[in-house]
Amino acid sequence: MSENILVATAWPYTNNYLHLGHIAGCYLPADIFARYQRARGNKVIMVSGSDQHGTPVTIAAESEGVQPIDIVNKYRKNHLEVWERLGISYDLFTTTGTDNHIATVQDIFTKLYNKGLIYKKNMTLLYSEIDNRFLADRYVEGTCPDCNFERARGDQCDQCGKPMDALELINPISKLSGDTPIPKESEHFFLKLSALEQPLLDWIKKNDYWKPNVKNFSLKYLTEGLKDRAITRDIEWGIPIPLEGYETKRIYVWFEAVIGYLSASKEWAQIQNKPDEWQKFWFDKNARSYYFLGKDNIPFHTIIWPGILLGYENHNLPYDVPANEYMNLSGGKFSKSENRAVWTHEFLEKFSADALRYYIVSNMPENSDSDFTWEEFLRRNNDELVATLGNLIHRILTFTFRNFDSKIPEPKKIETSDEKLMSEIFITKEKVESNLDICKFRESMRNIMNLAQNTNRYLDSEAPWHSIKTDKERAGTTMWVSLYAISAIKTFLYPFMPNASLQLGSYLGISTDVNQPTWEVEKPKSGTTLETPFPLFKKLEIDIENPLADE
Ligand SMILES: [Zn+2]
């Protein structure tokens, strides 16, 4: 039976380009999962959008002398291009700036406020008399009390990772004027997380299929005790508070961006002209929701967002949060400030989406950090994608094309070795499914590569290039069985490398509706005329010192 599955990805901030670590952390795994579920015949909505509020955007705008929305538009355009070129198949990639999102956030704010789960309280914040304003998190820098890093931000220390209360900073200064701010009282709204601690704990304990790191991290966070957190800031870029008298304050991004999963689902339904359709994903108790994100984002999706939902209405809580660890750049973190990044759009200028997708899935940081290196990218592409998979497919297609009048031959007597490979196809199918069902992407890609290796061995031992001279019927059967194996590979590859899968389908004379992918393994139809085959993947030469340079 068809199931309803919500695939949600973290909302990228619109103050920067996307580097390969972002793609490996959540966007590619989410896309593979969504494509797989659609191919299985499930009803999937994959939603996310641009996180356009928050101080990273306003600071970038002020330093470039433009409006925040100009920064948003610049990076949003880049993100949309990356999704297009990499084949990240969102059903909707919206923004947090829509009227629909603002209305959804304000409705949640109001309901939680009326239930006492949001309350007002005075808090002490840093205020600059020269700047004439409160300095929200990233507007203030100072020395970290833990590690003595001199440029720790008001919300976090970049050197030791300590989440910061700006008042803890030693020698704080305004990033705007260099002024030394003073502590001053300001009235804000707090989310009463302390009241949600027990229900969250009970819920997380039940989720025994979660990744151990996600579950343990969340439990540790909870058992240390949840503190109520301010959800508003003294800033004018963001979603207004739906109460009078707070016109100079806005709802803080960490509270409103996660609500985007719900508002985006509603917007998607409106676009479909079925305004209630989103409810199937949020109220149907058999519907499942998967949230893909990097490990730094875990508490927002296992504690804050489910906490908000528990306080709101009877919406489904996240079914799974298969967060990834980090993909680093040759041993160090990707970092814009240190100019250590491989930007996805630049990478895709030079290399194909499938090559990148294969590399990332093969090195996906599912349970521990992984490294991006150009040497490894080259090796994976040339030794695995081209030499194992691409050559196998090309060998089978060209041999059949040349020796059987460019038609799929008819299988005659099926031998034990043929049966063995055919049963391998279905064993592989079960393995790929059981791994993809639980978001084990690396392992499922390995299952497919193993089938390719076994098909290679089968072909070498059957040696149709000999039998074609003495027993054409036997050679024909061998090629039919081999074509069956690569037809299966075509199906299994679709979530991972959709372009290669569709191209292979067309070489095999299997027409695939791009909008209606299938998970069926089709037997080759004898007599079908094959298209002239070309290699699916390209061998690469890379100047390791200067990998993105023009030739
Ligand atoms: Zn520090």
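Here are legends for a few close-ups of aromatic rings in this predicted model.

**View 1. W268 meets F281 edge-to-face.** The count of aromatic pairs in this model comes to 40, and W268 with F281 is one of the aromatic pairs. Their ring centres are 5.8 Å apart, with 90° between the planes. W268 belongs to helix α8 (residues 260–271) and F281 to helix α9 (residues 279–282), so the contact links distant parts of the chain, 13 residues apart. Buried or exposed, these two? Both W268 and F281 are buried.

**View 2. F347 and W374 stack up.** Here the centres sit 5.5 Å apart and the planes make an angle of 20°; planes under 30 degrees apart count as stacked, so that is what we call this pair. F347 comes from helix α11 (residues 344–350), while W374 is in helix α13 (residues 374–403). The pair therefore ties together parts that lie 27 residues apart in sequence. F347 and W374 are both buried.

**View 3. A cluster of rings.** Which residues make it up? Look for F33, Y209, Y290, F292, Y319 and F441, which ring pairs link into a cluster.

**View 4. K121 over F190.** Now for a lysine and a ring. K121 lies over the face of F190, and the distance to the ring centre is 4.6 Å.

**View 5. K184 over Y127.** In this close-up, the ring belongs to Y127 and the charged end sitting over it belongs to K184. How far is that end from the centre of the ring? It's 4.0 Å.

Technical notes:
Residues are numbered from 1 along each chain as its sequence is written. This is a predicted model: local features need pLDDT of at least 70, side-chain atom pairs count only at pLDDT 80 or more; totals for chains, interfaces and linings use all residues. Side-chain values use heavy atoms; hydrogens and water are left out. Rings of Phe, Tyr and Trp (its six-membered ring) pair if their centres lie within 6.5 Å; planes under 30 degrees apart count as stacked, over 60 as edge-to-face and the rest as tilted. Helices (H or I, at least four residues) and strands (E, at least two) are DSSP runs, numbered from the N terminus. Buried means under 20% relative accessible area, exposed over 50%, partly exposed in between (1.4 Å probe, protein chains only). A charge sits over a ring if NZ of Lys or CZ of Arg is within 6 Å of the ring centre and within 35 degrees of the ring normal.
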